[in-house]
Every structure is written in structure tokens, then in C-alpha cells.
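My notebook is open and I have a few things to look up. I'll jot down each one as I go.

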Amino acid sequence: MSIQKEPLFLEALPVMQQLVDAGYEAYFVGGSVRDMLLHKPISDVDIATSATPHEVKEIFPHTVDVGIEHGTVMVIHHKEGYEVTTFRTEEGYEDFRHPDKVTFVRSLEEDLKRRDFTINALAIGIDDQLMDFFDGIGDLERQCIRCVGDAKERFNEDALRMFRAVRFVGQLGFQIEEETKNAISLLKMNLSKVAVERMKVEFEKMIQSSYRK
């Protein structure tokens, strides 16, 4: 499977190439990589880079600050917007959603450690090299929903991830891995702290799921 065969990747490739040409790392990350590997339609792409927001803005003449405090800058290329986010680590989640501290880093692996599930912690570079630090490809093959690292930590960072795990069961037809399932059972009361609007979005996606029963 090549990113050259996916129209959305192909359209965003010049943005990635400019980052690489400037001496930074850049990868497509997250759900788009997962869906490509599953041969599913891709609706949008996310780019992660070792460049800081300031460095991204120096490279591209047209940008919009859409979440710069968390490292995200929208790059405008041929009248299309592409979200470019700096590799980062996060600490403290008192509201069970937003990190209390964000630190920009130069390591892709450190960035992917904060992702929710292994199947969403995949990255691919302009040379089609897949980066998989947490056996996300293996979990795709096993049709398994498994948290990156400690499941309880991931769900304490954002309680909505528990609902999202269930949504992926419906969307992909996968099963939730045992440790992840046990963490959901233990921490499910934290869902009461999630904003209704966020729950509604996940519920609507669940209703539209291909494998709902």
C-alpha cells in the first residue's frame, strides 16, 4: 500500500515534502493511516512534524493558528487547509480531557505514546515507511482495540476514549482487548464528566457504524 495511491495523501504530500526539505521529520498519522491499511475510505489527513509551530510558520507563507497552544497550525496549500501538529508530550488531565501541560518534542515515538489506541498510533512517511512502535499493525491483523501503554492512564487522560473504544467495535467490527476492557469497567463512572456535546458526536458515529448490531 502506497500513499501515492491515495488522493488525499497525494494532495497533502507537497506540505510534507516542504517540511522534510527544511530538515524536519514529517508523517501522516492516526486514523487516515489506519483506514488506508484497512482499505477503507479516507476522509481527512493529519500531519505530525518535529518542527515547532514557529518553525512551521517560517516555512509556509500562508498559515492559520487553529490550536497553536497545542502545537497545531493549519497550512494553506492550493486553497486547501492541512493541520500540521508538532510532536508533543502531555501531562496532567484534571478535567479528564485537556492536558495541563504540553511540551513540544522532536521524537515521533514520544508523540505517539500519548495516542489512544495502538491502531491509531501509526505513522507513515513520504517514502511509504510505516512507523509502528506499539504493534498497531498486529492489532489490526488481530482485529483488536488496545490502548497505547497503560489503559487506565489513557482513559484518565480523556474519559471519552472509553466510549470511542466501543464505537470502534461497531465501526470496525473489532474486539476490545482484555486489559483495555477491564480499565473501561473500572473507570466507566468518569464518563459522567464528559461534555454531552462530545458524547453526542461519538454516539452519532456509532449509529452510522458498519458493524453495529
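Before I place anything in a loop, I need to know what counts as a helix or strand: helices are DSSP runs of at least four residues (H or I), strands are E runs of at least two, and both are numbered from the N terminus. I also remind myself that this model is predicted.

**Entry 1: two odd phi angles**

I went looking for backbone oddities. In general, most residues other than glycine have a negative phi. D135 goes the other way, with a positive phi of about 60 degrees, and it is not a glycine. I found D135 in the loop between β9 (130-132) and α5 (136-142). Is D135 buried or exposed? Neither label fits, because its relative accessible area is 36%, so I wrote down "partly exposed".

K79 also has a positive phi, near 70 degrees, without being a glycine. I placed K79 in the loop between β4 (72-77) and β5 (80-86). K79 has a relative accessible area of 82%, so I noted it as exposed.

**Entry 2: a look at E55**

Next I checked E55, which sits in helix α3 (residues 53-59). Why does E55 count as buried? Its relative accessibility is 16%, and the cut-off for buried is under 20%.

Then I asked myself which residues E55 touches. Leaving out residues up to four places away in sequence, I got Y24, S50 and R106. With R106 there is a polar contact between the two side chains, at 3.1 Å.

**Entry 3: where the two domains meet**

I split the protein chain into domain 1 (1-137) and domain 2 (143-212). How many residues does each domain bring to the contact? I noted 18 from domain 1 and 21 from domain 2. The domain centres, taken over C-alpha atoms, are 22 Å apart.

For size, I used the accessible area lost when parts come together, as is often done for an interface. Here the two domains bury about 1800 Å² between them, and 61% of that is on carbon and sulfur atoms.

I then looked for charged pairs and found 1 salt bridge across the interface of domain 1 and domain 2. On the domain 1 side that touches domain 2, I sorted the residues into 8 nonpolar, 2 polar and 8 charged. My count of residue pairs in polar contact between the domains came to 4.

I also wrote down a salt bridge between D116 and R164, where the closest N and O atoms are 3.5 Å apart.

Conventions: Residues numbered from 1 in each chain as written. Predicted model: local features only at pLDDT ≥ 70, side-chain atom pairs only at ≥ 80, totals over all residues. Heavy atoms only, no water. Buried < 20%, exposed > 50% of the residue type's maximum accessible area, 1.4 Å probe, protein only. Polar contact = N/O pair within 3.5 Å; in protein donor to acceptor, adjacent residues only side chain to side chain. Contact = heavy atoms within 4.5 Å. Domains from an automatic or database assignment. Buried area = accessible area lost by both parts, 1.4 Å probe. Salt bridge = Lys/Arg side-chain N within 4 Å of Asp/Glu carboxyl O. Nonpolar A, V, L, I, M, F, W, Y, C, P; charged D, E, K, R; others polar.
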